[in-house]
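Here's a quick tour of a fold, for anyone who'd rather look than scroll through tables. Have the viewer open and follow along.

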Amino acid sequence: MIGIIFDVDGTLWDSTKEVAVSWNRAIREHTSMERILTQDELKKEFGKPLDEIMDDLFPELDQSGKDELAFYMYQYENEHVKDAPCIVYDGVPETIRRLSGTYPLFIVSNCQSGYIEAFLENTGLGDCIQDFTCPGDTGKLKGDNIRIIMERNGIEEAVYVGDTQGDAQACRKAGIPMIYAAYGFGDVEGDYHTIHSFDKLLQIDYEDVLRGKP
């Protein structure tokens with residue numbers, strides 16, 4: 001059976017405005033920095049490994065400072081986004097519910113532990129997703145985590161739905177094709193099955209995607 005694996009940020013929803021709220025609170029309450037992160041800044045960073053995001057956003061901090069701040073940022077973020085008014089892309093709930101009647105669905109994201117759970121609580125889609133993982137759970141990045149999800153669920157063939165070049169690279173490492181969500185945060189080099197709205201996933205022949213057919 002073909003499994004469908006989803007990225008979260010830029011693919012299923014846009015939480016950047018609300019994450020900025022929670023991260024700015026952590027900065028305000030746990031540092032002396034006069035720094036306000038913006039939604040646009042976070043859109044450029046989301047999808048990268050968490051350590052790389054911290055390096056990009058806070059080059060002035062040493063590693064222990066980054067680790068301490070990240071602890072509070074991710075704690076505040078998970079608590080906030082589980083019921084915050086994050087932007088769920090058009091058609092996501094309905095499409096996922098329809099797809100779940102035919103395919104096993106999964107989530108793999110480069111995020112901290114608890115974030116995918118917060119997304120599922122916010123959207124009420126937990127009953128549609130069979131399994132999920134992230135670097136916060138495994139200590140591994142997206143390419144390896146895709147294989148972990150496939151192996152522990154007995155999935156021999158899968159496609160990944162993502163929106164960034166990092167997603168494309170992870171799919172190459174995992175040895176599976178990607179469907180490019182062109183409405184998301186990033187640009188992807190190369191030719192991919194492309195969707196411009198999430199509900200287009202209902203029209204895709206996943207066998208064609210697996211075989212590399214246009």
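What follows is a short briefing, grouped by topic.

Keep in mind that this is a predicted model. At its heart for this briefing is an open, parallel sheet of six strands, ordered E5-E4-E1-E6-E7-E8. Around it, we'll stop at one helix, some aromatic pairs and a few loop residues.

**The sheet**

- Start at the edges: strand E5 (131–133) and strand E8 (193–195) each pair on one side only.
- Neighbouring strands are turned against each other by 25° on average, direction ignored.
- Strand E1 (residues 2–6) pairs with strand E4 (residues 105–108) in the parallel sense, over three bridges.
- E1 also runs parallel to E6, and five bridges join the two.
- Ile-4 is a handy landmark here: its bridge partner in E4 is Leu-105, and its bridge partner in E6 is Val-159.
- Moving on from E6, three bridges join that strand to E7, again in parallel. One spot to check is Val-161, whose bridge partner in E7 is Ile-179.
- How many of the six residues of strand E6 (residues 157–162) are buried? Five are, so the strand is largely enclosed by the rest of the structure.

**Helix H6 against the sheet**

- Helix H6 (residues 115–123) packs on the sheet and touches E4 and E5, with its direction at about 140° to that of E5.
- Its buried residues are Tyr-115, Ile-116, Ala-118, Phe-119, Leu-120 and Thr-123.
- What covers them? The cover for the buried residues of H6 includes E2, helix H4 (63–81), E3, E4 and E5.
- Two of those H6 residues have aromatic company as well: Tyr-115 and Phe-119 form one aromatic cluster with Trp-13.
- Just after the helix comes Gly-124, with a positive phi near 70°.

**Aromatic pairs and a charge over a ring**

- Searching the whole structure turns up eight aromatic pairs.
- One of them is Phe-6 with Phe-198: the ring centres are 5.7 Å apart and the planes sit at 40°, so this pair counts as tilted.
- Phe-6 belongs to strand E1, while Phe-198 is in the loop between E8 and helix H10 (206–211), so the pair ties together parts 192 residues apart in sequence. Both of these Phe residues are buried.
- Tyr-89 and Tyr-183 make an edge-to-face pair, 5.1 Å centre to centre with 65° between the planes.
- This one bridges loops: Tyr-89 is in the loop between strand E3 (87–88) and helix H5 (92–99), and Tyr-183 is in the loop between strand E7 (178–181) and E8, so the pair ties together parts 94 residues apart in sequence.
- Tyr-89 has a relative accessible area of 16%, so it counts as buried, the cut-off being under 20%.
- Elsewhere, Arg-25 lies over the face of Tyr-76, at 4.0 Å from the ring centre.

**Thr-11, a buried loop residue**

- You'll find Thr-11 in the loop between E1 and strand E2 (13–14).
- Is Thr-11 buried or exposed? It's buried, with a relative accessible area of 0%.
- Its side chain makes a polar contact of 3.1 Å with the side chain of Asp-7.
- Beyond its sequence neighbours, Thr-11 touches residues including Tyr-89, Tyr-183 and Phe-198, so check it alongside the aromatic pairs above. Other residues it touches include Val-161, Gly-162 and Asp-163.

**Asn-110, another loop residue**

- Asn-110 sits in the loop between E4 and H6, and it's buried, at 12% relative accessible area.
- A polar atom of its side chain lies 3.3 Å from the backbone oxygen of Gly-47. The backbone nitrogen of Lys-142 also lies 3.3 Å from a polar atom of the Asn-110 side chain.
- Away from its sequence neighbours, Asn-110 touches Gly-47, Lys-48, Pro-49, Leu-50, Pro-135, Leu-141 and Lys-142.

**Leu-202, partly exposed**

- Leu-202 is in the loop between E8 and H10, and its 33% relative accessibility makes it partly exposed.
- Leaving out neighbours within four places in sequence, its contacts are Thr-95, Arg-98 and Leu-99.
- Asp-191 is eleven residues away along the chain, and the C-alpha atoms of Asp-191 and Leu-202 are separated by 20 Å.

Technical notes:
Residues are numbered from 1 along each chain as its sequence is written. This is a predicted model: local features need pLDDT of at least 70, side-chain atom pairs count only at pLDDT 80 or more; totals for chains, interfaces and linings use all residues. Side-chain values use heavy atoms; hydrogens and water are left out. Two strands pair if DSSP finds at least two bridges between them. Helices (H or I, at least four residues) and strands (E, at least two) are DSSP runs, numbered from the N terminus. Axes are lines fitted to C-alpha atoms, for helices over the stretch in contact, and angles run from 0 to 180 degrees between N-to-C directions. Contact means heavy atoms within 4.5 Å. Buried means under 20% relative accessible area, exposed over 50%, partly exposed in between (1.4 Å probe, protein chains only). A polar contact is a pair of N or O atoms within 3.5 Å; within protein, one must be able to donate a hydrogen and the other to accept it, and residues adjacent in sequence count only if both atoms are side-chain atoms. Rings of Phe, Tyr and Trp (its six-membered ring) pair if their centres lie within 6.5 Å; planes under 30 degrees apart count as stacked, over 60 as edge-to-face and the rest as tilted. A charge sits over a ring if NZ of Lys or CZ of Arg is within 6 Å of the ring centre and within 35 degrees of the ring normal.
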